[in-house]
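Work through the exercises below with the sequence and the model open. Each task is followed by a solution in steps.

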Amino acid sequence: MEHVTIFDTTLRDGEQSPGASMNTAEKIRLATQLEKLGVDVIEAGFPAASPGDFEAVQAISQKIKYVQVAGLARTSKEDIDKAWGAVKDASNPRIHTFIATSDIHMKHKLQKDREQVIQTAVESVRYAKGFTDNVEFSAEDASRSDRDFLCKIFEAVIDAGAITVNIPDTVGYAIPDEFGELVTYVRAHTPNINKAVISVHCHNDLGLATANTLAGIKAGARQAEVTLNGIGERAGNTSLEEVVMSLHTRRGILNLNTGIVTTEIYPTSRLVSMITGIVVQPNKAVVGANAFAHEAGIHQDGVLKNRMTYEIMEPETIGLASNRIVLGKHSGRHAFRSRLNELGYDLTSDELDRAFLKFKELADKRKELLDEDIEALIAEEILRIPDTYQLLYLNVVSGTATVPTATVRLLSEGTDMQNAGFGVGPIDATYNTIAKMTGTESKLMRFSVTSISGGMDAQGEVTVRLQENGLMALGKGTDPDIITASAKAYINGLNRLAYLKRNPSLKADERNL
Ligand code: KIV
Ligand code: ZN
C-alpha cells in the first residue's frame, strides 16, 4: 500500500476558526497529542502573524521529537526568516510558503501579474531552500486558478527546490470530479512533477472538503492537509478523522494507508474541542456523540444481532470504547501519575500533589473517571492562569414554583465575599450574582454546555466567551453539576480577563487567552 502523508494544520488553519483560541501551553499539549496520533507533519502556526504565534511555533519545535514541524510564511524574506527562526530547532523542520495564483487574487489582492507572481514564488522557495531542503509551496486559490498557469508555477518552484506542491481549494468552491481532474491535470502537465509530492488542502464551504480531498488522493495526491474536527477558516478544513477513517474503512478499494494510530482519534478530537471551546456537532462523522448511537428500533435490533448490520466502523477503532474505565477512587498516586504520563503530562511534584487532591475529590463524586475527565481536571486545575477570583461556595434554588436564586461566596484577591441574586433560571441567577460581586462589565458572547463522557453521572463541561473593551477571553469549567460547571466557567473567563488587563503587553496576542 502507498502512504498518504497526513499534514495536520489544526494549530494553524484550525486556529483561524472564528472563536478558536489556544495559548502556548495548550498548543504544546495538542502538538504532543498530534505526535501520539501519528500525523506526519504538524503545521504549528504562522510565525510572522504575531509574537505569540512565533513563540508557540518555537516552543512546539523544541518539544516535538519525531514529527515534522512546519511554519507558514508568505512569499517574503521577512516571513521566511521568521518561519525559519521558529522551526529551526525542530528535528525535522519544514518551511511552507504560499502565494495566490488565481486571477482574482493576483489582480485585486496582490496587484501583481502572472510573471511577477512566478518570480516572487521562485525567489521565496530559493530563499527558504537556503535554510532547509524541506520546502513546501502552496498556490493559494489553486482551484480557481488557470490550470496551465498553475502547472507553470509548480514547474518553476520545483526547479527552485520545492519538494511538496500544495493545491488548495481555498474558498471551498470545487466539486469532487472537478478537483480530482485538476490533480490529474497537474500531474500530466507539470514536466518535473515526479520530483515533488502533490498535496491537497480543501475548505468546507460547500460541505465537500472530505470528498474533494479523497478525489485528489485518488487522482494521485499523496499529502492531505487536514484538521481535527474539521475546524478552520469559515466553514472549516477537511477533517482528519473523516479522511483517515475513509482510507482505513475502504482500504480494500483505495489501497492506501496513513501512519495514524486510529485509537488516538477520539481522544485527540476531545482535546481539540476542550482546548478551543468549539463543541463537536452531535451528528459529526466519526467523532460526533451520535456517530455510533443507534436510535431506531430496527437498527438497535440489528446491531444487537450483529454490529456490522448498521456499523461500518467499530467505536474501539477510533478509541471510543465503552469499557475505557481509567481510574477510580481506590486508585493510588502512582497509578494516577502513570496515567498522566501516558496522556503526555509531565507534572512537577507540586503540580502532581494538587492534581491528585482534585482527582480524589472528583473520584469521590463519580465512580469511574475516563481519560477525558482527567484531562479536563488538568486543564482546569493545573494549566491555568493565576486566579483573581475563586469560587468557595454556591447554593442555587430553582424549580417550577420558585424564583431562581443563587448564593455565592467568592475569594476575591484574598477577600472573602458573599452575596445573593435572582435570575430567569439558575444559571442566570448565578451569573447575575457573580457579575454583581466582581463588578465586571464583560458581555457573555457565547455559552455552551456539553457532557464530557457518557452516562447519567457524566461531567458537564461549560465553555463561555467573554468580551470587555476589545478584550476577549474563554472560560471553561467542568463538574458533575452543570450549574457549578457554569459558575466555574464564568469565573475562569473573568480570571482570564483580569489577567489580560494586568498584562497589557499581552494584548497583541489577546486571542491566545
Ligand atoms: O486555504 C489556503 O489556501 C491556505 C494556504 C495558506 C495553504 O490555508
Ligand atoms: Zn486553508
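**Exercise 1. Strand 2 and its neighbours**

In strand 9, which residue is the bridge partner of D8? Then describe the pairing and the two faces of strand 2.

Solution.
Step 1. The bridge partner of D8 in strand 9 is V226. Helices and strands are DSSP runs numbered from the N terminus, helices being H or I with at least four residues and strands E with at least two.
Step 2. Strand 9 covers residues 223-226, runs parallel to strand 2 and is joined to strand 2 by 4 bridges. Two strands count as paired if DSSP finds at least two bridges between them.
Step 3. Strand 3 (residues 41-45) is also parallel to strand 2, with 2 bridges between them. Here F7 has V41 as its bridge partner.
Step 4. Strand 2 spans residues 5-8; T5 and F7 on one side are buried, as are I6 and D8 on the other, and both faces are covered. Buried means under 20% relative accessible area, exposed over 50% and partly exposed in between, with a 1.4 Å probe and protein chains only.

A note on the source: this is a predicted model, in which local features need pLDDT of at least 70 and side-chain atom pairs count only at pLDDT 80 or more, while totals for chains, interfaces and linings use all residues. Residues are numbered from 1 along each chain as its sequence is written, chains are lettered from A and ligands numbered from 1 in the order in which they are written, and side-chain values use heavy atoms, with hydrogens and water left out.

**Exercise 2. Salt bridges**

How many salt bridges does the structure hold? Examine the pairs of E115, R144 and E242, and state the burial of the residues in them.

Solution.
Step 1. The total is 28 salt bridges. A salt bridge is a side-chain nitrogen of Lys or Arg within 4 Å of a carboxyl oxygen of Asp or Glu.
Step 2. E115 pairs with K152, and their closest N and O atoms are 3.2 Å apart. The two lie in distant parts of the chain, 37 residues apart: E115 in helix 5 (residues 114-129) and K152 in helix 6 (residues 147-160). E115 has a relative accessible area of 48% and is therefore partly exposed; K152, at 43%, is also partly exposed.
Step 3. R144 and D141 form a salt bridge with an N to O distance of 3.0 Å. R144 is partly exposed at 32%, whereas D141 is buried at 0%.
Step 4. E242 and K284 meet at 2.5 Å, N to O. This pair also links distant parts of the chain, 42 residues apart, with E242 in helix 9 (residues 240-249) and K284 in the loop between helix 11 (265-276) and helix 12 (297-305). Both E242 and K284 are buried.
Step 5. A network of salt bridges links R12, D13 and E43.

**Exercise 3. Two helix pairs**

At what angle do helix 11 and helix 15 cross? Do the same for helix 13 and helix 14, and classify both pairs.

Solution.
Step 1. Helix 11 and helix 15 (residues 371-381) cross at roughly 30 degrees, their axes coming within 11 Å. Axes are lines fitted to C-alpha atoms, for helices over the stretch in contact, and angles run from 0 to 180 degrees between N-to-C directions.
Step 2. Helix 11 is therefore roughly parallel to helix 15. Angles under 35 degrees count as roughly parallel, over 145 as roughly antiparallel, 65 to 115 as roughly perpendicular and the rest as oblique.
Step 3. The contact involves Y266, R270, L271 and M274 of helix 11 and E372, E375, A376 and A379 of helix 15. Contact means heavy atoms within 4.5 Å.
Step 4. Helix 13 (residues 333-342) packs against helix 14 (residues 349-365) at about 110 degrees, with the axes 11 Å apart. Helix 13 is thus roughly perpendicular to helix 14.
Step 5. R333, F336, R337 and L340 of helix 13 meet S349, L352, D353, A355, F356 and F359 of helix 14.

**Exercise 4. A sheet of three strands**

In what order do the strands of the open sheet that holds strands 16, 17 and 18 stand?

Solution.
Step 1. The order is 16-17-18, with antiparallel pairing.
Step 2. Strand 16 (443-451) and strand 18 (471-479) are at the edges; each has a single partner strand, so one side of each has no neighbour in the sheet.
Step 3. Strand 16 and strand 17 (residues 460-468) are joined by 8 bridges, and V449 stands opposite V462 in strand 17.
Step 4. Helix 11 packs on this sheet, touching strand 17 and strand 18, and its direction makes about 130 degrees with that of strand 18.
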